[in-house]
Every structure is written in structure tokens, then in C-alpha cells.
Amino acid sequence: MDENWDCIVVGAGAAGLSAALVLGRARRRTLVLDTGQQSNRAAHGIGGMLGQDGRPADAFYADGRRELAAYPAVEVRDLEVVGADGFTLTLADGTRQTGTTILLATGMSYRYPDLPGAAERWGRSVFHCPFCHGWEVRDRPLCVLDDSGIHRALLLTAWSDDVTLLSTTVSDEDRARLDAAGVTIDDRPVASLRGPGDELEAVVFADGSERECGGLLVAVSLHQRSALAEQLGATYAEPSPLTAEGLAVGGPNATNVPGLFVAGDATGQMPSVANVIASGAMAASAIVGRLTGAM
Ligand SMILES: Cc1cc2nc3c(=O)[nH]c(=O)nc-3n(C[C@H](O)[C@H](O)[C@H](O)COP(=O)(O)OP(=O)(O)OC[C@H]3O[C@@H](n4cnc5c(N)ncnc54)[C@H](O)[C@@H]3O)c2cc1C
């Protein structure tokens, strides 16, 4: 059945759930659509979030959905949005849903190095964020795989005295800074990773030699998961070293398209569960403002 909503929230990660909670409490008819691919599902738990520290992501999202159930204006459906014609969205079941406003809380695709052994360790012993995962690998020999990773190598010294930057392109000036901080530089080309299960014991170089390593910090680049934002007419912000395809945000979480809002990782903000919860709540209050004519 084709329906109309005050707001359609695409994505039920931390940003989308947070927004839907605020919208539901403001009695706005809200449809939340989700395909269950929240980016931190691979991780051991949510690191560094007050009140939820170390909690498995699945349990956190299930709690978020339970809280929404108290608000009759909100409906959550496990369905993909496959296309958009203006603010009428086509869902994977063939129905069309129209929103007076749309909130994109679709998260991002994190692209990490295509290295044998990385995928099975992603979000555990291979990670992109020291604040999320550093504690779990503290005091082990740690490596940073990033040709422009001097800042990340220096940062990682907060979690270990044994940090190695795997890079072929370190300038003399950077080498001096790394030396002063006790960071080793290794320019051998990395071929693969070794260790049992999702654990890491060593990086393996192209010549077969190894370096002991209990945690590998890698460079990532964040991209939109689909062409949905483009179909809706949203434009991208200037790429940053981290986010290649963040959406341009003007005003509180508003895009360049009136009535189209964005929250969470898709904005290109620093990715963290705490940040995206705040972003979802901000977006929802801006949406309620628009729907009521207050803003
Ligand atoms: C491996 C890893 C570990 C992390 N660990 C931590 C940590 O320990 N602590 C921390 O603070 N942060 C961590 N982060 C960062 C944090 O997880 C993200 O910043 C946050 O989850 C992003 O939330 P979001 O709601 O914007 O997007 P997501 O959580 O990615 O949710 C977006 C949702 O939208 C859905 N979706 C997308 N497109 C569509 C569509 N077309 N139709 C329907 N649904 C759609 C997806 O399926 C997904 O469920 C980690 C990130 C990664 C990648």
C-alpha cells in the first residue's frame, strides 16, 4: 500500500534510531526503513560510549527499536529503499512511500586496504579508529598501515610503547618526529596478515619475513552505500582525508534540497556512536521545526 508520512527515516543505525525517537516523541508520523547493515556490527562491542561501553552492537540496536515501540507514530520496517522519485521512495517490496521530509541516516561504506587476512579481522584486531579499539589491543606491538599515517602512528602511542609505521613515504622531517616519539618505521611492502581466528600475531611482508603485531590500524575512506542521496538531489561536500563522499550539510543537518535532511556518518562528521546519536537528535528537532513551521 502506498502511504504518506511526516518523515521517512532511511537507516536504523544509531543516527536513524535516535532521530526516530525524537520524532516519535514529537508525534510526527515516521516510517523507519532499514537493511540491518550498521557499520560497527563486526566489532566486539561499542568502545568509548558512556553508558554503553563495550556493549555488543546487536543488543544496542535491539534496545533502540524496543524504545521506539512505545511511540505509536513510529513504524519500523526491515526493507531497503531502492529508488527515489522526488520524496516518493520505492521499497524493495514494490510499495511506494512518500514523506513530507526525508532523513538520510544511511551510514557509510568503510573501504579499508584490500589485504589478505584483513576482512576476517576487521573491527577487531584490524581497525580504523584507535579510540574505538585501542583499549582492546593496548600494550601489544601495534602497527599502522598508512602511507600518510604519521599522525595516526603518533596517536597510537597512547595505547602502546611498541608502535611501527608501515610506510614507504616518510619525509625526513616526519622521520625525526616519529623517532622522537619512539615510533619505528618499516618500509617493507606488506603482503598479508597472520594469526588465529580474528586475532593478529604478525604482518607478513612480500619477501616472507614478518613483524610481530597484535593490532593493525589501517587507513579507511568512507563512501555512500548507494546512489540514493544523489537520486534525491543531495550534493557532496569537499572530500576530506577520511570521508570521500560526505553529504553537504547546511543549517542543522539540512542538505541542499529543502526537506531532505542527513544525520550520522553520511554527513562526513567524525564517526562515532555518540556523535551520530547527537546528529540524529539534532536532525529530528530540525525536521519537527520544519513540519510545524517553527523553523
Ligand atoms: C568496524 C567498526 C567499528 C566501530 N566501532 C566503534 C566503536 O567501538 N565506538 C564508536 O563510538 N564508534 C565505532 N564505529 C563508528 C560507528 O559505528 C559509526 O560512526 C556509527 O555506527 C554510524 O551510525 P549511522 O547510524 O550513521 O550508520 P550505520 O550504523 O551504518 O547505520 C546505517 C543503516 O542504514 C541502513 N541503510 C543504508 N542504506 C539503506 C537503504 N537504501 N535502505 C534501507 N536501509 C539502508 C544500513 O543497513 C544501516 O543499518 C565503528 C565503525 C566501524 C566500521
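Angles under 35 degrees between helix axes count as roughly parallel. Keep that cut-off in mind as you tour this predicted model.

**Stop 1: α1 and α2**

Start by selecting α1 (14-25) and helix α2 (residues 57-68). Their axes come within 10 Å and cross at roughly 15 degrees, so α1 and α2 are roughly parallel to each other. Which hand does this crossing of α1 and α2 have, left or right? Look along the pair and you will find that it is left-handed.

Now show side chains. On the α1 side, pick Leu17, Ala20, Leu21 and Gly24; they meet Tyr61, Gly64, Arg65, Glu67 and Leu68 in α2. Coloured by class, this contact of α1 with α2 shows five nonpolar, two polar and two charged residues.

**Stop 2: α1 and α7**

Keep α1 selected and add α7 (273-292). Here the axes of α1 and α7 come within 7 Å, with a crossing angle of roughly 35 degrees. The crossing of α1 past α7 is right-handed. From α1, select Ala14, Ala15, Gly16, Ser18, Ala19, Val22 and Leu23. Their partners in α7 include Val273, Val276, Ile277, Gly280, Ala284 and Val288. How many charged residues does the contact of α1 with α7 hold? There are no charged residues in it, and the rest divide into 13 nonpolar and five polar.

**Stop 3: around the ligand**

Next, centre the view on the ligand. It is surrounded by 41 residues, and the closest are Gly11, Gly13, Gly107, Gly123 and Gly264. Two helices you already know come back here: α1 and α7 are the elements that give two or more residues to the shell around the ligand. Recolour that shell by class and you get 20 nonpolar, 17 polar and four charged residues.

**Stop 4: the two domains**

Finally, zoom out and colour by domain. The protein is divided into domain 1, covering 3-110 + 221-292, and domain 2, covering 113-218. Their C-alpha centres lie 32 Å apart. Where do the two parts touch? Seven residues of domain 1 are in contact with nine residues of domain 2. The side of domain 1 that touches domain 2 has three nonpolar, four polar and no charged residues.

Before you close the session, bring the ligand back into view: the shell around the ligand draws at least three residues from each of domain 1 and domain 2.

Note on methods:
Residues are numbered from 1 along each chain as its sequence is written. This is a predicted model: local features need pLDDT of at least 70, side-chain atom pairs count only at pLDDT 80 or more; totals for chains, interfaces and linings use all residues. A residue is near a molecule or strand if its C-beta atom, placed from the backbone, lies within 6 Å of it. Helices (H or I, at least four residues) and strands (E, at least two) are DSSP runs, numbered from the N terminus. Ala, Val, Leu, Ile, Met, Phe, Trp, Tyr, Cys and Pro count as nonpolar, Asp, Glu, Lys and Arg as charged, and the others, Gly among them, as polar. Domain bounds come from an automatic or database domain assignment. Axes are lines fitted to C-alpha atoms, for helices over the stretch in contact, and angles run from 0 to 180 degrees between N-to-C directions. Angles under 35 degrees count as roughly parallel, over 145 as roughly antiparallel, 65 to 115 as roughly perpendicular and the rest as oblique. A crossing is left-handed if the near helix is turned anticlockwise from the far one by less than a right angle, and right-handed if clockwise. Two residues are in contact if their C-beta atoms, placed from the backbone, lie within 7 Å.
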